[in-house]
Amino acid sequence: MIGGRRPARATLMAGEIGESPAVVERVLSEGGPAIAAAAAAFRRSRPRWATVVARGTSDHAGIYGRFLIETQLRIPVGLASPSVTTIYETNLRWRGGLLLAISQSGQSPDIVGVTAAARAGGALTIAVTNEPDSPLAAAAAHVIPCLSGEERAVAATKTYSAELAGLAGFVGALVPRSPLARALGRLPDELRRVLAVSAAWVAGDGDELVGQVAASGRAIVASRGFDLATALEIALKLKETSHVFAEGYSTADLEHGPVALAGPSIPTLILRPDGRMGAAIDPAIRRVEATGSRPWRIGGRETATGGRALGLAFDLPEALSPLAFILPGQLLAEAVARSAGFDPDAPKGLTKVTRTS
C-alpha cells in the first residue's frame with residue numbers, strides 16, 4: 001500500500017549503500033597510487049581550465065568535482081556537451097586544459113568519444129571509473145579507480161560515493177595542507193557513524209517523510225554549493241526507484257521561481273551544511289515555509305535531530321559533506337520505493353549500463 005508499512009526485507013540497494021564507507025576507504029588507500037599519478041600529471045601540465053564529461057549519476061559527481069576544483073585549485077570548470085563532439089563532429093581546442101571523464105561503467109560511447117578527442121587534442125585526460133578495463137579507461141591517459149566491486153542494484157549508490165571519494169582524493173593530493181586533505185583520513189569512520197545515524201532516522205522520525213513522498217509522488221530536494229550535487233542525486237534516486245516526480249534545485253534557483261511549486265502537499269527536503277553556506281540557504285527555507293510547506297532538513301552540527309530534522313554532527317569540512325549527506329538521501333529513496341510498492345533493485349524501464357552516442 002502506498003504510504004503504508006514497508007515490507008521488512010533486505011534489498012541489494014540497501015546493502016550497497018551500507019558498503020559505501022568501506023568503498024571510500026579502498027578508494028583513498030588502495031587507489032592512492034593512481035590518485036598520486038593523476039595529481040602528478042596535473043602538476044606537470046598545469047591546466048588553466050577543466051571540463052567534466054559525464055551522464056546521469058556521474059554528472060552529479062562531476063558537479064561536485066567542479067566545486068572542488070574551482071574552490072581548491074582555483075581554475076574554472078565547465079560541463080561538456082558530448083553531442084558537440086559526437087553528433088556535430090566539432091573539433092574543439094582542447095590543448096591546455098583538463099578533461100575529467102566520470103562513468104561507473106566506462107561504456108558509454110559519447111563519454112569515451114569526448115575523452116579520446118580531448119586526449120588527441122592535447123588535453124590532460126583523467127577518467128574516474130569502476131571498470132579499469134573499460135573503453136573509457138583505455139581512452140584516458142590516467143584512471144582513478146572506484147574499486148567498488150560489482151554493483152548489482154540498478155540504481156548507483158556505492159559507486160557514486162566512490163566517484164566523490166576519488167575526486168576528493170585527487171584534489172586533496174594537489175592541496176595537501178588544506179582542511180579537505182587533512183580530513184580524508186578520518187572520512188571513512190565518519191561515514192560509518194553517519195550511516196548508522198541515518199538508518200535509524202529513516203526508520204524512525206524520517207518514516208513520516210518516507211510516507212509523505214510515497215503518497216504524494218512528488219518532492220522537492222534542494223541545497224547549494226557542494227551539496228547541490230547531493231540534492232540532484234537524491235532527486236534522481238527518487239525518480240529512478242520510486243517513479244516520483246522529484247526535482248532537485250539549487251536553493252538560489254529555487255527562490256527565483258520554482259518556489260511557486262512548494263506547498264503543504266509537496267514534500268520538501270533541504271540539505272543544509274553548516275557555516276556560510278548554511279546561512280545562505282536559510283532564506284530559501286523561509287520562502288518555502290511561507291508557502292505553507294513544512295520542509296524537512298538534513299544538516300550538520302547546526303541542525304538538531306528531532307521531528308523533521310536530521311542533524312549529522314560529523315567532523316568534516318563542507319567540501320566533504322556530500323559524502324555524508326548522500327547516505328540518508330539514498331536510504332530515503334530505498335525506503336520510499338518499498339513503501340510505494342516498487343522494487344528499488346530493479347526499477348522499471350532501467351538498465352545498469354546506458355550507452356548514448
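This short talk goes through three helix pairs and one strand residue in a predicted model.

Before the details, please keep in mind that local features need pLDDT of at least 70 and side-chain atom pairs count only at pLDDT 80 or more, while totals for chains, interfaces and linings use all residues. Residues are numbered from 1 along each chain as its sequence is written, and side-chain values use heavy atoms, with hydrogens and water left out.

Let me start with helix α8, residues 158-174 (helices being DSSP runs of H or I with at least four residues, strands runs of E with at least two, both numbered from the N terminus). Its 17 residues reach 25 Å from the first C-alpha to the last, close to the 24 Å expected at 1.5 Å a residue, where the expected span is 1.5 Å times one less than the number of residues. Of those 17 residues, 16 are buried, so α8 is largely enclosed by the rest of the structure; buried here means under 20% relative accessible area, exposed over 50%, and partly exposed in between, with a 1.4 Å probe and protein chains only.

Helix α3, residues 32-45, crosses α8 at roughly 50 degrees, and the axes come within 9 Å; axes are lines fitted to C-alpha atoms, for helices over the stretch in contact, and angles run from 0 to 180 degrees between N-to-C directions. The two helices are therefore oblique to each other, given that angles under 35 degrees count as roughly parallel, over 145 as roughly antiparallel, 65 to 115 as roughly perpendicular and the rest as oblique. On the α3 side the contact (heavy atoms within 4.5 Å) includes Ile35 and Phe42, and on the α8 side it includes Gly166 and Phe170.

The second pair is α2, residues 20-29, with α10, residues 187-203, whose axes lie 8 Å apart at an angle of about 170 degrees, and these helices are therefore roughly antiparallel. Among the residues making that contact are Val24 and Leu28 of α2, together with Leu191 and Leu195 of α10.

In the third pair, α12, residues 228-242, packs with α15, residues 321-339, at about 20 degrees with the axes 9 Å apart, which makes α12 roughly parallel to α15. Residues of α12 including Ile234 and Leu238 meet residues of α15, among them Phe325 and Ala333.

Finally, Ser223 belongs to strand β6, residues 218-223, and this serine is buried, with a relative accessible area of 0%. Leaving aside neighbours within four places in sequence, Ser223 is in contact with residues including Leu228, Ala231, Tyr249 and Ile281.
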